[in-house]
Amino acid sequence: MEEGRMSIGALSEDVLNKLSKMLDNSACGWRQLANAVSEQPKFRCSERELTRCSLQVLSIEGSPGRALLAWLADRSCSLDFLLHCLRKMDHKEAVQYLTTTVAELIQITVQPQSQQATAGSRVVLTCRASGPPGLCYQWFRGKEEVSPTFTPELVLCPLAPIHQGHYICRVNHGENCIFSQWVHVRSSSSLFPGSVSGLLITHQPQSQAVSEGDTLLLECNAEANPPAQYEWYHNMVPMKQHKTRSLKIPCVTTAHRGQFRCKVFNLYHEAWTDTAKVTIATDKVALLIGNMNYRYHTQLSAPIADVHELTNLLRQMDFKVVSLLDLNWQEMHSAVTEFLLLLDKGVYGLLYFAGHGYENYGNSFMVPIDAPFSYTSEHCLCVQNILTRMQEKKTGLNVFLLDMCRKRNPHDDIIVQPGLIKVTANIVFGYATCVDAEAYEVKREEVSNGIFISFLKRRVCEDEKVTVMLDRVAEDMGRCAITRGRQALELRSNLSERRSLTDAIQTSDCCSESYSARNLQWAVAHVLPQSLCLQFECGVKVQLGFAAEFSNVMVIYTRILEKPKEIVSCCAQLTDFPEDVDIDLKKTNQETLLEAGSLLLIKENLPSPEVPSLYTRIRSLQRLKTELTFTTCLHYTYSNMDEEVQERQTVTVGKPLVSKLNLHEPRVPRACSGSSSFSLDSFTLLSPSVSFGFFPEGEDSQNF
């Protein structure tokens with residue numbers, strides 16, 4: 001695609017869908033478009049590709065036009081060429097729609113700046129815009145158009161008194177346009193003539209958002225007599241190596257975020273520029289896994305509370321969080337793969353695991369719920385291998401919080417060789433316990449917490465370097481009599497810069513596209529069904545509502561909105577759920593969340609307690625292979641009848657939350673050796689019971 005041209009891929013899904021319908025439903029259809037674009041060899045469709053497009057009509061939501069547009073987008077077909085082809089086909093409706101739509105994409109990306117310079121010098125005003133192809137620039141001084149240049153730059157050379165005034169740029173695309181900000185150009189033969197001393201800053205440094213690895217350039221300028229000297233400051237600390245009007249940092253890191261100012265001075269005067277704020281464009285993504293209900297090992301209590309509490313805290317710090325309970329090997333493998341898709345250059349990645357685990361030869365292993373009794377690394381996931389895959393994404397920070405035991409696994413003598421870990425100085429491991437030690441959870445009547453999260457939740461939101469925050473957690477644990485001598489946090493890190501979990505997310509133009517893609521990818525796993533109203537023949541209206549407890553756990557509530565006067569009692573109950581999901585039938589259609597098995601659900605997502613409702617909790621949504629379908633059964637009694645009457649309606653709500661990701665499906669073939677890219681071990685050692693209400697996480701609570 002030519003530089004500066006916008007690709008079809010820049011169009012939204014809604015625009016592409018409407019455009020494809022126009023192609024599918026008109027005589028000037030998608031086949032004519034395929035013929036029109038073939039004037040460029042790289043856009044010539046083979047018979048196989050045309051057949052694949054045409055077969056889309058066999059699908060309920062299939063669209064040949066949409067398939068063709070996607071094929072062209074993959075080959076970086078520009079909007080300019082697409083419009084050319086549509087005009088060639090004389091498809092007026094599509095041309096008008098596309099022209100109007102893309103015109104709305106115009107945005108000013110570089111604003112012109114006011115300038116003051118001496119007469120005879122060269123002044124350049126620059127205005128740049130992003131948008132559809134064919135943008136035209138018009139410059140005005142006051143109300144009068146400057147000699148047409150139609151370019152983003154207006155050059156005033158040599159600068160003369162006639163050039164003084166206020167300027168503005170209009171960016172046009174067809175009948176649509178957008179204006180830049182007004183700027184002022186001033187001319188002077190000399191700001192400080194003769195022997196008069198003085199100093200005036202004429203150009204201020206501008207605030208910027210940049211990505212890690214980019215070049216940062218800040219500039220200022222001043223008119224002065226005697227000549228000006230420059231000294232740059234970062235967060236009010238002098239930068240002794242930077243003493244020119246331009247500050248250039250070739251490869252920025254998070255250490256460069258903050259405020260920059262330049263001190264401009266000469267023998268008689270001193271002035272400071274405005275503050276330029278530099279933010280490092282980034283994103284923050286977290287995967288939280290809590291395994292409790294093991295098939296062949298001791299079941300745990302704490303992960304549900306720990307994952308829930310950490311999820312809420314991370315979301316307060318603008319993390320995109322995927323929280324999952326009770327995953328088998330395939331589901332953990334797929335979840336990690338999806339997590340990696342959310343990572344990119346400069347993104348902060350955090351992985352938290354609560355469940356059974358072990359450590360062999362320096363490698364940590366997370367145990368899935370389907371691991372056999374004598375499991376080895378073949379049945380588990382190796383944390384160090386996940387780290388190497390995260391590093392391939394050039395992440396800005398890699399944090400692993402492992403809330404599990406770290407004893408050796410006597411059943412596993414395989415030495416796993418993880419991929420080569422790069423020296424990136426951005427890795428933090430927070431272990432809930434020391435090597436060859438156990439991690440514990442607190443037993444309470446309703447909710448259990450792991451020791452690690454009990455202390456971590458008090459500190460995790462502090463605006464401190466991650467390692468400083470975890471050191472304080474370790475100190476807190478060390479001062480607690482109940483944990484002293486039993487469990488101590490271990491921190492391993494090579495983090496060289498001050499990076500905090502609270503670091504703000506700032507997106508720049510250079511990374512907004514990948515940021516939007518991550519938002520979409522994350523949102524796919526967090527879409528709840530819309531609330532429904534069911535109208536029954538007896539005149540009763542029932543509301544179905546949905547709330548997410550975790551990314552793979554959902555609560556459905558039913559309540560009666562309307563009922564005829566002659567009906568004295570009625571309730572709506574849910575039944576006939578698919579076998580894929582996990583439902584405790586004894587806890588369905590309960591009057592309280594506690595009775596339904598949900599101790600933790602955020603109350604604001606649900607109707608007020610004053611409104612009678614019935615709650616049903618659905619777990620393991622990641623195993624749902626088809627759309628979620630169930631039956632709403634209305635039980636009611638008339639005032640003049642003793643017998644109960646029933647009405648049924650089948651409800652389908654699509655694939656909610658994480659079920660859309662199909663985590664039950666293999667991403668790559670599972671390896672059968674210890675060299676697998678994901679191999680983790682767990683072990684079946686038993687730990688001694690304790691009398692103070694604690695039990696080891698990842699261990700049985702019996703004696704050897």
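## Nonpolar cores

In this predicted model, the largest nonpolar core has 44 residues, and L287, L324, F353, M366, F400, L402 and F429 touch the most other members. Helix α8, which spans residues 329–341, gives the most to this core, with six residues. A second core, separate from it, has 41 residues, among them A354, I453, M469 and V473. In soluble globular proteins, nonpolar side chains tend to be buried together.

F400 can serve as an example from the largest core. When neighbours within four places in sequence are left aside, F400 is in contact with L351, V383, I386, L387, M390, V428, F429 and G430.

## The six-stranded sheet

Six strands make up an open sheet with mixed pairing, and their order is β22-β21-β23-β27-β28-β31. At the edges stand β22 (320–325) and β31 (490–493); each has a single partner strand, so one side of each is left without a neighbour in the sheet. On average, neighbouring strands of this sheet are turned by 10 degrees against each other, direction ignored.

Within this sheet, strands β21 (residues 284–290) and β23 (residues 348–354) run parallel and are joined by seven bridges. L288 has Y352 of β23 standing opposite. Strands of a sheet pair through backbone hydrogen bonds, either parallel or antiparallel.

## The three-stranded sheet

Another open sheet has three strands in the order β35-β37-β38, and its pairing is antiparallel. Its edges are β35 (567–575) and β38 (645–652); each of these has a single partner strand, so one side of each is left without a neighbour in the sheet. From one strand to the next, the twist averages 20 degrees.

Strand β37 covers residues 629–638 and is joined to β38 by eight bridges, the two running antiparallel. In this pair, T629 stands opposite T652 in β38.

## Cavities

Two cavities of 30 Å³ or more are present in the structure. The largest cavity holds about 110 Å³ of space. It is lined by 13 residues, of which V322, A335, E338, F339 and L661 are the closest to its centre.

Several elements contribute to this lining. β22, α8 and α12 (512–524) each supply at least two of the lining residues, and α8 gives the most, with three. Helix α8 thus appears in two places in this report: it gives the most to the largest nonpolar core and the most to the lining of the largest cavity. Strand β22 also appears twice, as an edge of the six-stranded sheet and as a supplier of lining residues.

Definitions and conventions: Residues are numbered from 1 along each chain as its sequence is written. This is a predicted model: local features need pLDDT of at least 70, side-chain atom pairs count only at pLDDT 80 or more; totals for chains, interfaces and linings use all residues. Side-chain values use heavy atoms; hydrogens and water are left out. A nonpolar core is a set of buried Ala, Val, Leu, Ile, Met, Phe, Trp, Tyr and Cys residues joined through side-chain atoms within 4.5 Å. Buried means under 20% relative accessible area, exposed over 50%, partly exposed in between (1.4 Å probe, protein chains only). Helices (H or I, at least four residues) and strands (E, at least two) are DSSP runs, numbered from the N terminus. Contact means heavy atoms within 4.5 Å. Two strands pair if DSSP finds at least two bridges between them. Axes are lines fitted to C-alpha atoms, for helices over the stretch in contact, and angles run from 0 to 180 degrees between N-to-C directions. On a 1 Å grid over the protein atoms alone, a cavity is a set of points where a 1.4 Å probe fits but cannot get out, and a pocket is an open set with protein on both sides within 12 Å along at least five of seven lines; lining residues have an atom within 4 Å of a point. Grid points are joined across faces, edges and corners, and a volume is the space filled by probe spheres set on the points.
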